Amino acid sequence: MTNVKNYKDDVNVEKLYGKECTLPKKDFIETYNIDENGLSSSEAENRIHKYGLNEISQTKPKKWYNYFFESLFSPFNCILLRNCTNSFLY
């Protein structure tokens, strides 16, 4: 018989994610001074003014030649180009 390891027992959650993930709910709420009902409207407004909106900024669109070179040198097209050059050479 082989000795099968149980990996669930080997994982140290506290080491991976910190002690916060193993705290009981009550202790977590007291430690971080959290309101279970969420933010009030005034607190949300204050945080929006302090930190800004929770948005991801848009990146610039790629130029046309980036798309051209990506499609030209895709693996499938490279195989086709190699086959074409082989047929011309032989």
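**Overall architecture and local features of an all-helical predicted model**

The secondary structure of the protein chain comprises six helices and zero strands, where helices (H or I, at least four residues) and strands (E, at least two) are taken as DSSP runs and numbered from the N terminus. Read from the N terminus, the elements accordingly follow the order α-α-α-α-α-α. The structure is a predicted model, in which local features need pLDDT of at least 70 and side-chain atom pairs count only at pLDDT 80 or more, whereas totals for chains, interfaces and linings use all residues. Residues are numbered from 1 along each chain as its sequence is written, and side-chain values use heavy atoms, with hydrogens and water left out.

The overall dimensions of the protein chain were examined next. The radius of gyration of the protein chain is 28 Å, whereas a compact globule of 90 residues would have a value near 12 Å; the radius is taken over C-alpha atoms, and the globule rule is 2.2 Å times the number of residues to the power 0.38. Along its principal axes, the C-alpha trace of the protein chain extends over about 80 × 60 × 15 Å. Of the 90 residues of the protein chain, 2% count as buried, a class defined by a relative accessible area under 20%, with exposed meaning over 50% and partly exposed in between (1.4 Å probe, protein chains only). The accessible surface of the protein chain amounts to about 9,400 Å², and 57% of this belongs to carbon and sulfur atoms, the areas being obtained by the Shrake-Rupley method with a 1.4 Å probe. The protein chain carries 12 positive and 12 negative charges, whose mean positions are 12 Å apart; Lys and Arg count as positive and Asp and Glu as negative, while His and the chain ends are not counted, and each charge is placed at NZ of Lys, CZ of Arg, CG of Asp or CD of Glu.

Helices α3 and α4 were considered together with the loop that lies between them. Lysine 25 is found in helix α3 and is exposed, with a relative accessible area of 58%. Lysine 25 is separated from alanine 44 by 19 residues in sequence and by 23 Å in space, C-alpha to C-alpha. The loop between α3 (25-32) and α4 (41-51) contains asparagine 33, which has a positive phi of about 50° although it is not a glycine. Asparagine 33 is exposed, its relative accessible area being 70%. Arginine 47, which lies in helix α4, counts as partly exposed at 40% relative accessibility. Arginine 47 and proline 24 are 23 residues apart in sequence, and their C-alpha atoms are 27 Å apart in space.

A search of the whole structure for aromatic contacts finds four aromatic pairs, where rings of Phe, Tyr and Trp (its six-membered ring) pair if their centres lie within 6.5 Å, and planes under 30 degrees apart count as stacked, over 60 as edge-to-face and the rest as tilted. Among them, phenylalanine 68 and phenylalanine 69 have ring centres 5.4 Å apart and planes at 65°, so this pair is edge-to-face. The rings of phenylalanine 69 and phenylalanine 73, by contrast, have their planes at 10° and their centres 6.3 Å apart, so this pair is stacked. Phe68, Phe69 and Phe73 form one aromatic cluster. Phenylalanine 68 is partly exposed at 42% relative accessibility, as is phenylalanine 69 at 43%, whereas phenylalanine 73 is exposed with a relative accessible area of 54%.

With regard to cysteines, the structure holds zero disulfides, a disulfide being a pair of cysteine sulfur atoms within 2.5 Å. Cysteine 78 is in no disulfide, and the nearest cysteine sulfur, that of cysteine 84, is 12 Å away. At 35% relative accessibility, cysteine 78 counts as partly exposed, and cysteine 21 is likewise partly exposed, at 41%.
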